[in-house]
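Me: Please take a close look at one part of this structure for me, the loop region with unusual backbone angles, and then connect it to the rest of the chain. I would like one joined-up account rather than a list.

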Amino acid sequence: MATVKDILNCVQALAPTYMKESWDKVGLNCGRLNAPVTKILIALDPFEDVCKEAKELGAELLVTHHALIWQPGFVTDETAWGRNTLYLIENGIAHLNAHTNLDCAPGGVNDTLAETVGLSNISVISPAGTTPDGTPYGLLRQGETNEQDINTFLA
C-alpha cells in the first residue's frame, strides 16, 4: 500500500524542492510519512471546508498547491491555519503541498498555463537554475502567439 512518503516522493520527482522560491514552504506540512494512503483529496488551498471535505471523503492525505502553515508561530485554535492544522492532525489526515516548486518545474503549472493560452516557443524568463539534464526552470514563462485581437486571445 502507498504511504505518505511514497506520494511525497512522486510529487518531489515532478517538482523537486530545490525549485521552490526561498521564502516558500513546500513538502509535508503535517502528518506521518509512514501513514498508509488509499484516498487523496487535491485542492488549491487547505481552507477549513477543504479539510472537512477530506475527512468526509475518508482521505488520509490532502495535497494542495498552497501551504497549510505560512508564518512561524504556535499551532493553536486562535488562527485559521492553526485550527486547520489541528483538525487534520486530530483526524489522522496528512497534508503536503507543492507551490512555487510546481510553478517553476518544467511541465508544471506555468508551462501548462502558457500552453493553455496558446503560446508556442515557450521559454523560461530568467531561469533560476537547470535540472540535472540541463532543462531550465524558473517562475516566469514567455512565448509567442499568432497576431489576433484581444477578445480572441482571451476566449
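## A loop residue, and the chain around it

Reply: Happy to. S126 sits in the loop that runs between strand 5 and strand 6 (129–130). Please keep in mind that this is a predicted model. The backbone at S126 has a positive phi of about 50°, although this residue is not a glycine. That is worth a second look because most residues other than glycine have a negative phi. S126 counts as exposed because its relative accessible area is 63%, and the cut-off for exposed is over 50%.

There is a companion to this feature in strand 5 itself. N121 belongs to strand 5 (residues 120–125), and N121 has a positive phi near 50° while being a residue other than glycine. With a relative accessibility of 56%, N121 also counts as exposed.

Now for the wider setting. The chain has six helices and eight strands, and along the sequence they follow the order α-β-β-α-β-α-β-α-α-β-β-β-β-α. The C-alpha trace spans about 55 × 40 × 35 Å along its principal axes. Of the 155 residues, 37% count as buried. The accessible surface comes to about 9,200 Å², and carbon and sulfur atoms hold 56% of that. Among contacts with a separation of 6 or more, 61% join residues 24 or more positions apart. As for charge, the mean positions of the 9 positive and 19 negative charges lie 12 Å apart.

For a contrast with the exposed S126, turn to H95. This histidine lies in strand 4 (residues 94–97), and H95 counts as buried because its relative accessibility is 0%, where the cut-off for buried is under 20%. Leaving out residues up to four places away in sequence, the partners that H95 touches include G27, L28, N29, C30, P46 and L88. T64 is also among the residues that H95 touches, and the side chains of H95 and T64 are joined by a polar contact of 2.7 Å. H95 also shows how the fold brings distant parts of the sequence together: H95 and L8 are 87 residues apart in sequence, yet their C-alpha atoms are 9.9 Å apart in space.

L62 is another of the residues in contact with H95, and L62 leads us into the nonpolar interior. The largest nonpolar core has 11 residues, namely C30, L41, A43, V50, C51, A54, A59, L62, L68, L88 and I93. Strand 2 (40–43) and helix 2 (48–57) each supply at least two residues of this core, with helix 2 giving the largest share, three residues. Beyond its close sequence neighbours, L62 touches L41, P46, V50, C51, L88, I93, A94, H95 and L96. A second, separate core has eight residues, including I7, L8, L61 and A94.

One more polar residue rounds off the tour. N84 is placed in helix 3 (residues 80–90), and with 10% relative accessibility N84 counts as buried. Outside its neighbours within four places in sequence, N84 is in contact with P46, F47, E48, C51 and L68. Of these partners, C51 and L68 are members of the largest nonpolar core. So, to return to where we began: S126 counts as exposed at 63% relative accessible area, whereas H95 counts as buried at 0% relative accessibility.

Note on methods
Residues numbered from 1 in each chain as written. Predicted model: local features only at pLDDT ≥ 70, side-chain atom pairs only at ≥ 80, totals over all residues. Heavy atoms only, no water. Helix = DSSP H or I, 4+ residues; strand = E, 2+ residues; numbered from the N terminus. Buried < 20%, exposed > 50% of the residue type's maximum accessible area, 1.4 Å probe, protein only. Contact = heavy atoms within 4.5 Å. Areas by Shrake-Rupley, 256 points an atom, 1.4 Å probe, with all protein chains shown as cover. Lys, Arg positive; Asp, Glu negative; His and termini not counted. Charge placed at Lys NZ, Arg CZ, Asp CG, Glu CD. Polar contact = N/O pair within 3.5 Å; in protein donor to acceptor, adjacent residues only side chain to side chain. Core = buried A, V, L, I, M, F, W, Y, C linked by side-chain atoms within 4.5 Å.
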